[in-house]
Amino acid sequence: MMQTDMVVASSRIRLARNLNGYPFPSRLKNDKQAKEIIRAVSSAINKLDEFRLYYMDGIPEAEALNLVENHLVSPLLIKRPHYSAAVINERRNVSIMINEEDHLREQCIEKGFALRRAYDIMSEKDNLIARSIQFAYDEQLGFLTACPTNLGTGLRASVMLFLPALTLTGLMPRVIRSATRLGLTVRGMYGEGSEAEGYMYQLSNEITLGVTEEEILKLVEDVAVRVAEMELSERVRLKTGEKCMEIKDSCLRAYGILTNCAQVSGEEFTKLCSRLKLGVCLGWYSADGIGWVDDLMIEMKPSNLNLSAGRDLSPAERDAFRADCASRRIRERVARG
C-alpha cells in the first residue's frame, strides 16, 4: 500500500453557503444585519454537537490570531470583527465562519488522506443546518455565493501535501501546470496568495459549477494519489542521486540545530522541521511517521507559545521558549536511523 501518510498531511472539506434574503457580507448595511445572521446560524448549530460561539469582537486579538494559526478561521474573518463570528466544535476539527466572504464558510479538517470522512462529517452538519435555515439557491446556478467561482456545489475539497522531493528536483511547476489543466489549483499552506512553507502545498478543486460533489471528490483524490506517487518516486531518486550526501547532511544538521539551539525564529523553525521531516521520510531518522511534526509546527506558532507560557512573550523570549520546547519534544520522538 502506498505510504500516503508520509505525503498527505491532512484533508479538508469547505462549503460556501448564504442565507436567503440577506445581502452578501461585503454588502451588509450595518452590524445589526450581521448579528441577525450570527444568531440564526448559531441557533441552528446549537442543535448539533457541542459547539462554542466566538464573536470576533468579543475575544482578545491574541485569541483571534490563535484561531487563525490553528487553521480554524481565516485572516479575512478577523479583519471585520464587528460583523463576524465563528462556531467551533469541541474536537476542533469542524469550524463554521460566519460573515466571512459568505454568510457561512463551513469546514472540516481531518488528519491524513481522509477526504471522504471529512466530507461525510461536513455534509451531515450542513444538512442539519439547512433544516433550520433557508440557503440562497438557484435551480440553474446552485448555491449562490459572493464569488462566482464558488457557484454550484459551493464545495472545495483539498488535501495538504508534503512535497520536498518534487520541490528540490524542480518538478513542482510541472505538477502545478498539470493540476491547472485538470481544473485544480495548487497553493501554499494558508490557501490563496500564501507561500508554500516547509514544502507544504494545498491541492484543491477550482471548479464548483457544472460538476457534482462526487465528481469533485474523485478528481481531487485521483490527482492527490498521482502526485503522492510522483513524490515517493522522487524521494527514492533523492536518496540515490548525486546530491544524496548534501541532502542527508542538511537533514542531519536540522536535527542537530533543533535539539541544541538556544533560540530559533518561527521562519527558521519551519525550514528546519521540513528538513527533519524529509530525513524521517528518507530513513535517516527513526520516528513514528511525520504527522507529529506538523502538530509541533502548529504548537510552536507565536499565539500557541504565549498560551503555553501563560503570558505574552517578547520576540526574544518566544524564540528561546520555542527552542527549549521543541528540543525536548524532538528528542523524545526521533532517533538516528
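This is a short talk on one protein chain, from its overall dimensions down to a strand, a group of aromatic rings and one serine.

Please keep in mind that what you see is a predicted model. I will start with the whole chain. It has 337 residues, and for that length a compact globule would have a radius of gyration near 20 Å; the chain comes out at 21 Å, which agrees. Along the principal axes, the C-alpha atoms fill a box of roughly 65 × 45 × 30 Å. The secondary structure consists of 11 helices and 12 strands.

On burial, 50% of the 337 residues count as buried. The chain exposes about 16200 Å², and carbon and sulfur atoms supply 49% of that area. As for contacts, take those between residues at least 6 apart in sequence: 69% of them join residues at least 24 apart.

Now to strand 10, which covers residues 200-205. How many of its residues are buried? Six of six, so the strand is mostly covered, with buried taken as under 20% relative accessible area. The side chains go two ways. Met 200, Gln 202 and Ser 204 point one way, while Tyr 201, Leu 203 and Asn 205 point the other, and all of them are buried.

Which strands pair with strand 10? One is strand 8, residues 155-162, which pairs with strand 10 in the antiparallel sense over five bridges. Another is strand 9, residues 184-187, also antiparallel to strand 10, over four bridges. Leu 203 is a handy residue to look for on screen. Val 159 stands opposite Leu 203, and Val 186 stands opposite Leu 203 as well.

Next, the aromatic rings. A pair of rings is described by the distance of the centres and the angle of the planes. The structure holds four aromatic pairs, and I will go through two of them. Phe 135 and Phe 143 are 6.3 Å apart centre to centre, with 70 degrees between the planes, and the pair is edge-to-face. The rings of Tyr 137 and Phe 143 have their centres 5.0 Å apart and their planes at 75 degrees; why is this pair edge-to-face? The cut-off for that class is over 60 degrees, and 75 is over it, so the pair counts as edge-to-face. Together, Phe 135, Tyr 137 and Phe 143 form one aromatic cluster.

Are the members of that cluster buried or exposed? Phe 135 has a relative accessible area of 10%, so it is buried. Phe 143 is at 17%, and is therefore buried too. Tyr 137, at 46%, is partly exposed, because that class runs from the 20% cut-off to the 50% one.

Phe 135 has a further neighbour. The charged end of Arg 17 sits over the Phe 135 ring, 6.0 Å from its centre. There is another arrangement of this kind elsewhere: the charged end of Arg 80 sits over the ring of Tyr 83, 4.7 Å from the ring centre.

Last, Ser 274. Its place is in helix 8, residues 266-281. Ser 274 has a relative accessible area of 4%, so it is buried. What does Ser 274 touch, leaving out residues up to four places away in sequence? The contacts are Phe 162, Gly 198 and Tyr 199. Phe 162 brings us back to strand 8, since that strand spans residues 155-162.

That is the end of the tour.

How values were computed:
Residues numbered from 1 in each chain as written. Predicted model: local features only at pLDDT ≥ 70, side-chain atom pairs only at ≥ 80, totals over all residues. Heavy atoms only, no water. Buried < 20%, exposed > 50% of the residue type's maximum accessible area, 1.4 Å probe, protein only. Helix = DSSP H or I, 4+ residues; strand = E, 2+ residues; numbered from the N terminus. Pairing = 2+ DSSP bridges. Phe/Tyr/Trp six-rings, centres within 6.5 Å; stacked < 30°, edge-to-face > 60°. Lys NZ or Arg CZ within 6 Å of the ring centre and 35° of its normal. Rg over C-alpha atoms; globule rule 2.2 N^0.38 Å. Contact = heavy atoms within 4.5 Å. Areas by Shrake-Rupley, 256 points an atom, 1.4 Å probe, with all protein chains shown as cover.
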